[in-house]
Amino acid sequence: MVKRVLIAVPNDTLGGAEQYLKMLCSYFLSKGFEVDVIFLKRKESFGWVDFEFNSNVHLYFTNASSEKRGILLFLYNLWRLRKVCYEYIFTSHVHITGLLGVLCSLNILKKRHFVGRESTLIFDRFKGLKLFLFELYYHSGYPALDLVICQTDLMADSIRINLPDLSKKIRVVVIPNPISWEHLYGTYYEPIALPGKGPTIVAAGRLIPEKGFDILVRSVKNLVVVFPEFRLLIFGEGNERIFLNKLILELNLEENVCLMGFEKNVIPYFQSANLCVVSSLIEGFPNVLLQMMAKNVNIVSTLCAGGIDLIQGLYTAEPGNVDDLENALMRCLESDNGSNRELFDKYLGDRRIENFVLNIDQNLKEGE
């Protein structure tokens, strides 16, 4: 009998957590598994379209326009799968991990291994009612987990400090984010003709406050003096679009800063850019940084997550500091960073998805 994997996702857009789950889908398909992918929302993008004609992948969308409205339909789809015994269940969002954990505890969902990954620093990022709800998900669903994956030591310490009783019941481990080696290194991407005659800076992520794109826009204001024709291209969609457009106009940067919207594959833009930048205020660990490092040697990142300060070759800045980010961008643009290729490739070599899954299996065995 073919082994099956269940992957639960809030929506079909490809943020860092969703890209991680999609990598797992591709990996287990390559190993002969069948994969069920279940979404809280309706289909809204082309993020998973490459699996639609694969008979070994089953995509379960709801018809809901929001995650809240989709919960009952999401639970109904899981109920339909109650007779399946999954070799692995994978999640990467606290609310979804909590929901599936409750279903596992009630034996509605059957599994051999349930692996949840933390996608952000919940206790640093949220407060009040929202944090209270997350804590409910932790305490109600997480006891059913066989493994909790944290991306950094900082994230694992946060779980142990804020959830001391729970962390004694479940196995919490640190496994750095994986990359799809074939997607980043094994695929040829045609160079893209980028707009403008000056240097092009590329950033990508959801247009939400935590990504710090307002800080990034402010930080490039003075670049016009040195590089009058530079372009900053920001890929992604979100609730901050109107605010960011207004900010761009206020700073008279409409000729230099472009909100590019959703792009299914931003890798060619990372490859063709003169510089790539991560401007986040706080992250679990930004997967987009790893993608940028695979395709470019000129990288600036805020110290938005544990471990970034240890990566050789990066130009770093304090999160939320306009002047610090501006200085890092300027230094990177004016420097020869060709030697970073060897440094970045060495760093990324240990993060292949194959090694990541092997690490999961080893930790699962140790926890049995």
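How many salt bridges does the count come to? The count comes to 13, and we'll get to some of them after a look at the sheet. Keep in mind that this is a predicted model.

**The sheet**

Strands of a sheet pair through backbone hydrogen bonds, either parallel or antiparallel. Here the pairing is parallel, in an open sheet of seven strands ordered β3-β2-β1-β4-β5-β6-β7. Why do β3 (57-60) and β7 (172-174) each have one side without a neighbour in the sheet? They stand at the edges, so each gets just a single partner strand. Going from one strand to the next, the twist averages 20 degrees.

Take β5 (residues 110-117) and β6 (residues 147-150): they run parallel and are joined by three bridges. Arg117, for instance, has Ile149 in β6 as its bridge partner. Helix α2 (residues 67-80) packs on the sheet, where it touches β1 (4-9), β2 (34-39) and β3. The direction of α2 makes about 155 degrees with that of β2.

**Some of the salt bridges**

| Pair | N to O distance |
|---|---|
| Glu44 and Arg42 | 3.3 Å |
| Glu52 and Lys43 | 2.5 Å |
| Arg112 and Glu87 | 2.8 Å |

Look at Arg112 and Glu87: Arg112 sits in strand β5 and Glu87 in strand β4 (residues 85-91), so their salt bridge ties together parts 25 residues apart in sequence. Glu87 is buried, at 13% relative accessibility, whereas Arg112 is partly exposed at 47%.

In the other two pairs, Glu44 is partly exposed at 41%, and Arg42 is too, at 38%. Glu52 is partly exposed at 31%, as is Lys43 at 40%. Glu44 and Arg42 also belong to a network of salt bridges with Lys41.

Conventions. Residues are numbered from 1 along each chain as its sequence is written. This is a predicted model: local features need pLDDT of at least 70, side-chain atom pairs count only at pLDDT 80 or more; totals for chains, interfaces and linings use all residues. Side-chain values use heavy atoms; hydrogens and water are left out. Two strands pair if DSSP finds at least two bridges between them. Helices (H or I, at least four residues) and strands (E, at least two) are DSSP runs, numbered from the N terminus. Axes are lines fitted to C-alpha atoms, for helices over the stretch in contact, and angles run from 0 to 180 degrees between N-to-C directions. Contact means heavy atoms within 4.5 Å. A salt bridge is a side-chain nitrogen of Lys or Arg within 4 Å of a carboxyl oxygen of Asp or Glu. Buried means under 20% relative accessible area, exposed over 50%, partly exposed in between (1.4 Å probe, protein chains only).
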